[in-house]
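Here is a short briefing on how two helices pack in one chain. Look at the structure first, then read the points below.

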Amino acid sequence: MSQAPLPGAAATHPSLATRPSETLLDPDLIEAARILHAALVRVHPSFRFEERLANRLDAAAARARLDAEGGAERLDDPIRFPRAIAVDGVPEASRSAPWRAPALAVVAARVPRGALLGGAIASGVSLAGAAILAQRWRSRPSRSVFARAARAAHRTAQRSANGSRPRPGPAARQGVA
Amino acid sequence: MFGRAKAEPERDPIRIDVDRAAVVAAKRQPQRFAALYRKYLPQVYSFAFYELGNHHDAEDVTERVFLSALKGLPGFEERSSVGSSFRVWLFRIARNAISNQRRTMARRREAPAALAEQLPAELGPDGVALRREERAEAWSAVARLPADRRRAVILRYVEEMSTAEIAAVMERSEGAVRVLLHRALKSVARDLDRRSDT
């Protein structure tokens, strides 16, 4: 390394020195720095990437603004999708706000009408069937011993009131004393 | 490497953050962050690209950096030192994201891409002055540097940062950064000299 500073080295390549008062001394280092300065150029990303990220940031910024305004309640659907879905090579983010799920009304509009009618009929039939079964279950006589005894007593009382002879019970019919 | 003229006092040229107005505006209205994004996208992307060696990983890292920056902007506080400027803060985020990406790449056992193959053939006015072979040799020499020296070189020659800014990004002292740059330049010079001999 030579000890004498090269006059004009820093002035010729101002970015080689880190301060105005600094100068590179070694000619080999000056040459290496010159080559690095020329070779290490800034690289730009693709336009497509730049726009995609811009859209994502825009969406994130809008969400941040809504959150800051207490906008969580304003969202008609709180489900959030983390990533935009690309359709036909065009990111969804470029067409609409990708950070919210669509409202339920929008989802319903996308569902075919036949499916909606079929679903409604099926649920109606199910409800009617359940009602019939419940009605039948309620009208069915109870099989408990006390219920049977009560029904027999009720029938006997009715026949006595009508003047007819009471019908023998199962034990009398079988000849049991 | 750097001789210092005794007559000139130590002065730090950057005291006021040039992005102060944009940062204040973005804090008030997150959508104003777009100005900072447009300004720093090529810088962050270049940093990631030279560190990782391929466009795909550079895009991943760049995306994460800006989303993190937007999210963390309300917590960013500028102080009256170089180390707390928005640019330094952003590059610290980038440095961490790049380190994480490098760890992921190491786990995936990915071979580092050859930088020279990834860069465009035409580099514009600065690149024209340099022969194509010379450029390729320079990139190879940089790629062979140890990680901290390479990072210092990239911040110095790609991002054109001052020693103070590099020190703040790398969380080292300015003296340590000067040593890193000096050793990096010596390695590159030796490498280039060896190649020119063969």
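Helices α2(B) and α4(B) are roughly parallel to each other (angles under 35 degrees count as such), because they pack at an angle of about 30°. Their axes, lines fitted to C-alpha atoms over the stretch in contact, lie 10 Å apart. This is a predicted model, in which local features need pLDDT of at least 70, side-chain atom pairs count only at pLDDT 80 or more, and totals for chains, interfaces and linings use all residues. Residues are numbered from 1 along each chain as its sequence is written, while chains are lettered from A and ligands numbered from 1 in written order.

**The helix pair**
- Helix α2 of chain B spans residues 33-52, and helix α4 of chain B spans residues 86-107.
- From α2(B), the contact (C-beta atoms, placed from the backbone, within 7 Å) uses Tyr40(B), Val44(B), Phe47(B), Ala48(B), Glu51(B) and Leu52(B).
- From α4(B) come Leu90(B), Phe91(B), Ala94(B), Ile98(B) and Gln101(B).
- Nine residues of this contact are nonpolar, one is polar and one is charged.

**Along α2(B)**
- At Tyr40(B), α2(B) bends by about 50° (the angle between axes fitted to the seven residues ending there and the seven starting there).
- A proline, Pro42(B), follows within four residues.
- Gly53(B), just after α2(B), takes a positive phi of about 85°.

**The whole chain**
- Chain B has ten helices (DSSP runs of H or I, at least four residues) and one strand (E, at least two).
- From the N terminus, the strand precedes the helices.
- Chain B has 198 residues, and 38% count as buried (20 or more other C-beta atoms within 10 Å of their own).

Methods:
Axes are lines fitted to C-alpha atoms, for helices over the stretch in contact, and angles run from 0 to 180 degrees between N-to-C directions. Angles under 35 degrees count as roughly parallel, over 145 as roughly antiparallel, 65 to 115 as roughly perpendicular and the rest as oblique. Two residues are in contact if their C-beta atoms, placed from the backbone, lie within 7 Å. Ala, Val, Leu, Ile, Met, Phe, Trp, Tyr, Cys and Pro count as nonpolar, Asp, Glu, Lys and Arg as charged, and the others, Gly among them, as polar. A residue is buried if 20 or more other C-beta atoms lie within 10 Å of its own, exposed if 12 or fewer, and partly exposed in between; C-beta atoms are placed from the backbone.
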